[in-house]
Amino acid sequence: MITAGAYEMAEMQLMDVARRICHAASSAAVPIRVVGGLAAFLYVDDREPIAARLTPEVEIAIRNSDLDRLRAAAERHGFTFRGNAFHLSDSGPRSSVRLVFAEHGDSARLRELPVATIADLVCLELTSFRLNNKLHIQDLDGVGLITPEIEACLSPLLRDRLAEVRATE
């Protein structure tokens, strides 16, 4: 009998949560994008699977003005809203969806999910600039996803932050 390992099970659970919140958003015509660690994981996994680092949560970018519509739709799909996150009552501890409030931008489709473009993801990660954001930048940069074109579009502050991350690799 072949069974999935803990890593594969965690990935499947995160992807299920992401798909469920994206389905809820789509049912209410609320534009969202997967961002954060899951977005970085999907891009890196697409480029070089062995370098992909799994994240413990799902993060989505949403406009503040769409929150009430998403909340109503998410509740119809089994989510509850507490703090700054949606939670599934029928899943384990890695079943939350953290919200990042941002204007809607372009998205790519990865594994049937709307994911922030690499350029937008890099800007969001360098703007937040916590330890986990720096790790996401290292992962993206390590497989060549932060191109000179993306770097050229960064503000001076974000270019400095990118240089700081690169100096610590």
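Biologist: What distance does H1 reach from its first C-alpha to its last?

Modeller: This is a predicted model: local features need pLDDT of at least 70, side-chain atom pairs count only at pLDDT 80 or more, and totals for chains, interfaces and linings use all residues. Residues are numbered from 1 along each chain as its sequence is written, and side-chain values use heavy atoms, without hydrogens and water. H1, a helix (a DSSP run of H or I, at least four residues, numbered from the N terminus), has 22 residues. The expected span (1.5 Å times one less than the number of residues) is 32 Å, and the reach is close to that, at 31 Å.

Biologist: Is H1 oblique or roughly perpendicular to H3?

Modeller: H1 (residues 6-27) and H3 (residues 67-76) pack with axes (lines fitted to C-alpha atoms over the stretch in contact) 8 Å apart, at about 120 degrees. Roughly perpendicular covers 65 to 115 degrees, roughly parallel is under 35 and roughly antiparallel over 145, with the rest oblique. Therefore H1 is to H3 oblique.

Biologist: Which residues of H3 make the contact with H1?

Modeller: Contact means heavy atoms within 4.5 Å. H1 contributes Ile21, Ala24, Ala25 and Ser27. From H3 come Leu70, Ala73 and Ala74.

Biologist: How many charged residues are in the contact of H5 with H7?

Modeller: H5 (residues 131-142) and H7 (residues 156-167) pack at about 80 degrees. Lys134, Ile137, Gln138 and Asp141 of H5 meet Leu162, Glu164, Val165 and Arg166 of H7. Asp, Glu, Lys and Arg count as charged. Beside three nonpolar residues and one polar, the charged ones number four.

Technical notes:
Axes fitted to C-alpha atoms, helices over the stretch in contact; angles between N-to-C directions. Helix = DSSP H or I, 4+ residues; strand = E, 2+ residues; numbered from the N terminus.
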